[in-house]
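Good morning, colleagues. I should like to take you through one structure, with attention to its charged pairs and one of its helices. Please look at the sequence and the model as they come up.

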Amino acid sequence: MSPWLAVIAAALYAAAAALALKSARHAALAVLAALALHGVALVQQVLPGGVLSLGVTEALSVFAWQAAALLWLLCLLQPLQILGVAVYPLAAAGALAAALHPSSVTGIPLQQWKLQLHVVLSLFSAGLLTLAAAQAAMLAVQDRLLHQHQSNRLMQALPPLETMERALFQLILLGFFMLSLSLVTGLLFVDHLMAQHLAHKTILSIAAWLVFGLLLWGRWQRGWRGRTAIRWTLSGYAILILAYFGSKIVLEQILGRHWS
């Protein structure tokens, strides 16, 4: 059942991306339906029989679902519907990837609340920082169009530059806070770090944490903005993705091991 749910969800995400430039209300309704169907499919894929089965494609699907869900919620507070042009196609791709190419991994029991807390915090931090990366990419497009003195449909749909930058740093601050909690719970609750081959993931995650931390410091102390903020945001996100997906691909596809 989950493949068909994912396919329908992907179609709704695509429709929402197209509507993001036209009708915020219709886009929001399409996304809400997509999130519901995608969420049901994810539960079937990721939690079969009460264990956590989170391979590469499933993790991508969870990341994408969270980013779309967080954007939908943020759009209730701020005019950020235009981000759907970037985020909703990603959500569609994530839904299809997990449905059509499921990973073969051993399920991990989640009886311990400490492990569950670490996983939830990790996923939330990734979802928030995925949104921040999408916001930075959209900000880069807006900055380029402004410098070229171009005005098109996309430019007219974008909020003012100050609003875009403020939203970017709000997302980074929230994501940084969740990433901090994720790192702390990982260090405290994940046993035998080296035996589980998680040291490289932890080091890269800490590197990403440092990049985002320095960016926030630069914003408050030096007034960093514009292209500087964009470069630091995308660099930190690239390191974070490498920490999770790079390590996961090497372990699962090459070494035949698994971690959540």
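**Salt bridges between helices**

Let me begin with Glu 165, which is buried at 4% relative accessibility; buried here means under 20% relative accessible area, exposed over 50%, and partly exposed in between, with a 1.4 Å probe and protein chains only. Before I continue, please note that this is a predicted model, in which local features need pLDDT of at least 70 and side-chain atom pairs count only at pLDDT 80 or more, while totals for chains, interfaces and linings use all residues. Residues are numbered from 1 along each chain as its sequence is written, and side-chain values use heavy atoms, with hydrogens and water left out.

With which residues does Glu 165 form a network of salt bridges? The partners are Arg 219 and Arg 225, a salt bridge being a side-chain nitrogen of Lys or Arg within 4 Å of a carboxyl oxygen of Asp or Glu. The N to O distance is 4.0 Å for Glu 165 and Arg 219. That pair links helix α7 (residues 161-189) to helix α8 (residues 199-222), 54 residues apart; helices are DSSP runs of H or I with at least four residues, numbered from the N terminus. For Glu 165 and Arg 225 the N to O distance is 3.2 Å. Because Arg 225 sits in the loop between α8 and α9, this pair ties together parts that are 60 residues apart in sequence. Both arginines count as partly exposed, Arg 219 at 26% and Arg 225 at 43%.

By this rule the count comes to three salt bridges. Another of them joins Asp 143 and Arg 227, with the closest N and O atoms 2.7 Å apart. Asp 143 belongs to helix α5 and Arg 227 to helix α9 (residues 226-254), so parts 84 residues apart in sequence are tied together. Asp 143 is buried, at 11%, whereas Arg 227 is partly exposed, at 45%.

I turn now to helix α3. Is this helix largely enclosed or open? Of its 19 residues, 15 are buried, so α3 is largely enclosed by the rest of the structure. Its residues are 56-74, and the end C-alpha atoms are 27 Å apart, in agreement with the 27 Å expected from 1.5 Å times one less than the number of residues.

Finally, Leu 76 lies in the loop between α3 and α4 (84-100), and is exposed, with a relative accessible area of 58%.

Conventions. Helix = DSSP H or I, 4+ residues; strand = E, 2+ residues; numbered from the N terminus.
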